[in-house]
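Student: Could you take me through one part of this protein up close, and then show me how some of its helices pack? I work at the bench, so plain language suits me well.

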Amino acid sequence: MSTENERNNAPAVLPVLALRGLVLFPEMVLHFDVGRKKSILALNAAMNENQTIFLVPQIDLTEDDPPMDHLCPVGVVATVRQVVKQTGDGIRILVQGKYRAKMDAQLQNDPFPIAAVSPVPMRKAAITLKTEALIRSVKETFEQYLEFSPRMAPDVIIGVQSSKDPGSLADYIAANVLQDYAGKQRILCEQSSIKRLEKLLVMLSNEIQILALETEINNKVRDQIDENQREYYLREQIKAISEELGESDNPQDEAQEFKQKVLALHLDQEVEEKLLKECERLFKMPVGSHEANVVRNYLDICLDLPWNRLSKINIDVKKAQRILDKDHYGLKKVKERILEMLAVRKLAPDIKGQILCLVGPPGVGKTSIAKSIAKAIGSKYVRVALGGVRDESEIRGHRKTYIGAMPGRIISAIKQANTRNPLILFDEIDKLGSDFRGDPTSALLEVLDSEQNNTFHDHYIDLPFDLSDVLFVTTANDYSAIPAPLLDRMDVITLSSYTHEEKYHIAKKHLIPKQLKKHGLTAQTVRFTDEAVHEMIEGYTREAGVRTLERTVASVLRKCAKQIVSGEKKRLTIEAKSLETLLGPQKYRREQIGKKDEVGVVNGLAWTSVGGETMPIEVAVMEGNGKIELTGSLGDVMKESAKTAITCVRNRTAAYHIRPDFYKTCDIHIHVPEGAVPKDGPSAGIAMATAVVSALSGIPVHHDVAMTGEITLRGKVLPIGGLKEKSMAAYRNGVKTIIISQENQPDLAELDQVVTDSIRFIPAETIDTVLENALAPIINEPKKHEERTTVPTDIPDSAVANPAFLSQ
């Protein structure tokens, strides 16, 4: 323990924080809660400066907002070491006292108090025989105090015994021992270290006398009561009341019942020994024990688990195919992959570790496919929703010693299925989060690992449980959001967006019959024409799946039900022209690509979590000094891609009659609608390069051509991802030609037949191939590049480049 000294002899202007019920001494570390508004503002002011604050006790504890003159005359200048925000408006802080100080002047009271403070001059005592005797007397009195207060922390005792400075010793004991708030204030205000020790000695002696009287009183009361007789009497009363009510709450009887159930299960030796040990604990517990309820609940849950119970799995591939075809339209490759998995399980029933991950946009049938798999093989189906789970205990459970502890979601799902080999669906596995409570993704690694899940340990049951017979299926929307170690344990099956034709067939075969039944209607009372279904898909929904389409059908049927019940009509035929009356104006107009070739406008392609989209890219060239403007909520990667495209174009100016110094004499503005939608990624590189060449050269771009690919400075076209979704969007919008990277050619085999039949794909190795197929041919020979890129001064800044403008 260091001797007390002033850290800074100069006065200071500091924010003031009033302590209620607490007294801080120099060199003391204290943590406490701050809740008063003025105190929080004073703390914020201190943190914004040098983290130094003046802490002073208030005299009257009942005052919520004490004025400055109601504070103790002496306080402590302290350093704020830590600030932790708690639930609500409260704050917990950790401070360390530096030196005593007094308040010289009040400078401000609102919004928080500020005062000028100066160190209190301390009179350091000389170490004389009298001082030594006083220090020894205080330490001996402190030892007497310990006899009545045995819970004192060991480090406090060591600190007292090792202290030799009278002032520091008085502060240390007062801070850690005394309970009297006013007494602590008196010691804080005392400047003389000797007088401080004397006051402390008196207070300690009084405290010892009080503690001795309390001990004496407690002993007298304890002697008057025969504890054994009292406990016996109370237990007999409880037993009599239970028998009168017909309740059997005898732990000994329950323990015997549990023991018989455990032995009847014929469990593994490790599990059986652990459960029998719990039965013995329950047997020894008295009636009414709170711990008996904990053990009772634990044994109930453990015995309810299907340790040796397996449901009969009947795998018939043809039957499974019929069920999948009945429940889902299309998804040919997905069904083939599932049937392959089922065939392998039939040939090798003992095979472990087949874990499927269905990845695709919302509403394409991932969850319903898992249901169909369970139905096809006769397995129990349990769904575990993982979206938003952030606590590892949600997966592994809580220790049973905690109040309200329960098993994790895995064991709960097994208990719900009541069999050891169900199909468990982990829905939205890409939405798992992590925070200070742990990482649930890491907890799932053991569950989804066939080499480890045969001895899965839940924190609650604390016993190995075999999950190797469970068929795990997971679903996700975003492939990239699944952690790599988890992804490595699963077989990924990708479900793409539905085409217009697929949505039409799904609506006719599944959605409309389902909603007719749900609304109490029949196909005879309400009929949808083919044109009406097509119109609902095109004009009232825009999604990768069919959920919005189903809600749209339900909205139409609700209005039909109203007309039928009110007697207006007995039968209804829903035609395309009547949809506007039932659903209102069309929400979406069909995205049509431009009907004519334009300069500086290129059809790009984008991937989103709900499918692909067309992404027009516009470029305008204006007179300027080489400024490049990028708009449309572009991310960093996309901005870098635009700059790479412009540099690539500079190496090809001669081929397209572009003035070589355009980067110094022209401003280039690249815009990607819609401006409010964030966009990022490198796949728009060749589209940007093509648009820049078109805008600078005045050569139009084919309106029915779309492209996707990353570009390099040397003009190479690099591969991209999401080609299936992007090509589907191009097909939906009437694109006839798509330019892709040469390295993306193998991905064409994964595309839908309707897309490959309708669109011509051009693989490109360099940007030259892209420009050759994207730019429209010019009838007349272009003028010299000096003339072509001369920009007139009367063109407004917002003008978009066009052939007439660029040829002036």
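Tutor: Happy to! A polar contact here is a pair of N or O atoms within 3.5 Å, where one must be able to donate a hydrogen and the other to accept it. Please keep in mind that this is a predicted model.

Let's start with Ser 379. You will find Ser 379 in the loop that runs between helix H13 (366-377) and strand E8 (381-385). Is Ser 379 buried or exposed? Its relative accessibility is 13%, and buried means under 20%, so Ser 379 counts as buried. A polar atom of the Ser 379 side chain lies 3.3 Å from the backbone nitrogen of Leu 423. Leu 423 also belongs to a wider set of contacts: leaving aside neighbours within four places in sequence, Ser 379 touches Ile 313, Ala 374, Asn 421, Pro 422 and Leu 423.

From there we can turn to helix H16 (residues 440-447), which is mostly covered, with six of its eight residues buried. Those buried residues are Pro 440, Thr 441, Ala 443, Leu 444, Glu 446 and Val 447. They pack against several helices, namely H14 (393-396), H15 (409-417) and H17 (484-487). The strands they pack against are E9 (423-427), E10 (456-457) and E12 (471-476).

Now for helix pairs. Two packed helices are described by the angle between their axes and the distance between the axes. Helix H2 (residues 129-148) packs with helix H3 (residues 154-162) at about 160 degrees, and their axes are 10 Å apart. That angle makes H2 roughly antiparallel to H3. The crossing of H2 past H3 is left-handed. On the H2 side, Lys 139, Phe 142, Glu 143 and Leu 146 meet Ile 157, Val 160 and Gln 161 of H3. Sorted by class, this contact has four nonpolar, one polar and two charged residues.

The other pair is helix H18 (residues 500-518) with helix H20 (residues 547-565), whose axes are 10 Å apart and meet at an angle of about 45 degrees. H18 and H20 are therefore oblique to each other, and H18 passes H20 in a right-handed crossing. H18 contributes Lys 503, Ala 507, Leu 511, Ile 512, Lys 514, Gln 515 and Leu 516 to the contact, while H20 brings Leu 549, Glu 550, Val 553, Ala 554 and Leu 557. By class, the residues where H18 meets H20 divide into eight nonpolar, one polar and three charged.

How values were computed
Residues are numbered from 1 along each chain as its sequence is written. This is a predicted model: local features need pLDDT of at least 70, side-chain atom pairs count only at pLDDT 80 or more; totals for chains, interfaces and linings use all residues. Side-chain values use heavy atoms; hydrogens and water are left out. Helices (H or I, at least four residues) and strands (E, at least two) are DSSP runs, numbered from the N terminus. Buried means under 20% relative accessible area, exposed over 50%, partly exposed in between (1.4 Å probe, protein chains only). Contact means heavy atoms within 4.5 Å. Axes are lines fitted to C-alpha atoms, for helices over the stretch in contact, and angles run from 0 to 180 degrees between N-to-C directions. Angles under 35 degrees count as roughly parallel, over 145 as roughly antiparallel, 65 to 115 as roughly perpendicular and the rest as oblique. A crossing is left-handed if the near helix is turned anticlockwise from the far one by less than a right angle, and right-handed if clockwise. Ala, Val, Leu, Ile, Met, Phe, Trp, Tyr, Cys and Pro count as nonpolar, Asp, Glu, Lys and Arg as charged, and the others, Gly among them, as polar.
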